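Colleague: I am new to reading protein models, and I would like to learn how to go from the picture to careful statements about it. Could we take one together, feature by feature?

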Amino acid sequence: MKQGIDVVGLYVRDQDEALAFYVDKLGFRVHTDVGNGGYRWLTVQHPEQPSFQLGLFLPGPPVHDEATAQALRALVAKGAMPPLVLTVDDCRAAYARMHALGVEFTQEPVDRYGTVDAGFRDPSGNGWKMIQGRG
Amino acid sequence: MSEAPPPQDPALLRRLLRAKDRMDAASHEEWPVVRLAEVSGVSEAHFARSFKQAFGIPPHRYLLTRRIERAMALLRETDLPITDIAFDTGWASLGTFGRTFRDITGNSPSAVRSQGRQAPREQGAVPVCIVNAARRPGLTTAVSEKRRQAANGTNTPEQQQESS
């Protein structure tokens, strides 16, 4: 077996909305979508990165009490969660494709330091940098 | 101080974030409250207070920190003349730029330029936007308050960091 990071999760405000965003707009695939009572374990995967899952989790019971869930929802909506970075082979092409699909860009592609980067948010407020790989 | 205000609705926070993002994306532009309020779908009367409650800083002051952050990056990473940087980052006059810059960072633009020359190579693998955000000048007090403290000989934490 290979050791390493298997799943890293984001908090989202609505799992159906997040699923539609990451699959339909970003081109990810569903890896696991399992409901267990009120809890839904939902992970997606980049098509070129089968060893890594991105979890799309909803703050709330049974994991969080209501006050904690409220605080987490506020943090996500304020864009206060940690930075996320997506590597693409052509930032401008990815921007054009995603922009046409209605992705909310916070920064158009900019050339700097020998690469191109852009910024976008998911519907919940999680902020992504999209950086063109340096070949 | 009265009791803490009630928590803000996440849907409102998400719309306020959009106003913050728009200032980030175009900090050189003018951002009167009426424009920001429209981005957020909030009344003008509520916008500034809601923004400050959400992000801990009034919108105009946030805009100033972003302009200074951009100016600092341009000073460190380009050879653009300081006059061009002042106008490119949204100031209407070089005098206002220099004064605000010193008030916020404790340094003159030319001093920051000479200090920052080797910086981009040192940072290596850290995404640039994150490097810049980490260097974002703090502006927890109003510029006028900073001036008053400076006149009294009091250093703010940001000034101490910048001069070390």
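**Reading the model step by step**

Modeller: Let us begin with the surface of one chain: chain B has an accessible surface of about 8,600 Å², and 53% of that surface belongs to carbon and sulfur atoms. Please keep in mind throughout that this is a predicted model.

Colleague: How many helices and strands are there in chain B?

Modeller: Chain B holds 11 helices and 0 strands, and its pattern, read along the sequence, is therefore written α-α-α-α-α-α-α-α-α-α-α, with helices and strands taken as DSSP runs. Of its 164 residues, 43% count as buried. Among contacts in chain B with a separation of 6 or more, 62% come from residues 24 or more positions apart.

Colleague: In chain A I can see a sheet, so in what order do its strands stand?

Modeller: An open sheet is read from one edge to the other, and here 4 strands of chain A follow the order S1-S4-S3-S2, with mixed pairing. Strand S1 (7-11) and strand S2 (29-36) of chain A are at the edges, and because each has a single partner strand, one side of each is left without a neighbour in the sheet. On average, neighbouring strands of this sheet are turned by 25 degrees against each other, direction ignored.

Colleague: How many bridges join S1(A) to strand S4 of chain A?

Modeller: There are 5 bridges between S1(A) and strand S4 (residues 53-57) of chain A, and the two run parallel. Within this part of the sheet, Tyr11(A) stands opposite Phe57(A), which belongs to S4(A). Helix H1 (residues 15-25) of chain A packs on the sheet, where it touches S1, S2, S3 (39-45) and S4 of chain A, and its direction makes about 10 degrees with that of S3(A).

Colleague: Now to the charged residues: what is the idea behind a salt bridge?

Modeller: Side chains of opposite charge can pair when their charged atoms come close. Over all chains, the count comes to 14 salt bridges.

Colleague: Which residue forms a salt bridge with Glu104(A)?

Modeller: The partner is Arg18(B), with 2.9 Å between the closest N and O atoms. Glu104(A) lies in strand S6 (residues 104-112) of chain A, whereas Arg18(B) lies in helix H1 (residues 10-25) of chain B, so this pair joins two chains. Glu104(A) is partly exposed at a relative accessible area of 22%, and Arg18(B) is likewise partly exposed, at 28%.

Colleague: And is Asp117(A) buried or partly exposed?

Modeller: Asp117(A) counts as buried, because its relative accessibility is 5% and the cut-off for buried is under 20%. Its salt bridge with Arg112(A) has the closest N and O atoms 2.8 Å apart, and Arg112(A) is partly exposed at 23%.

Colleague: Where does Lys129(A) come in?

Modeller: Lys129(A) meets Asp117(A) in a salt bridge as well, at 3.4 Å from N to O. This pair links distant parts of the chain, with Asp117(A) in strand S7 (residues 115-121) and Lys129(A) in strand S8 (residues 127-132) of chain A, 12 residues apart. Lys129(A) is buried, with a relative accessible area of 11%.

Colleague: Which residues does Lys129(A) touch?

Modeller: Leaving aside residues up to four places away in sequence, Lys129(A) touches several residues, including Leu84(A), Val85(A), Leu86(A), Gln107(A) and Arg112(A), and also Cys129(B).

Note on methods: Residues are numbered from 1 along each chain as its sequence is written. Chains are lettered from A and ligands numbered from 1 in the order in which they are written. This is a predicted model: local features need pLDDT of at least 70, side-chain atom pairs count only at pLDDT 80 or more; totals for chains, interfaces and linings use all residues. Side-chain values use heavy atoms; hydrogens and water are left out. A salt bridge is a side-chain nitrogen of Lys or Arg within 4 Å of a carboxyl oxygen of Asp or Glu. Buried means under 20% relative accessible area, exposed over 50%, partly exposed in between (1.4 Å probe, protein chains only). Contact means heavy atoms within 4.5 Å. Two strands pair if DSSP finds at least two bridges between them. Axes are lines fitted to C-alpha atoms, for helices over the stretch in contact, and angles run from 0 to 180 degrees between N-to-C directions. Accessible areas come from the Shrake-Rupley method with a 1.4 Å probe; for residues, only the protein chains shown count as cover.
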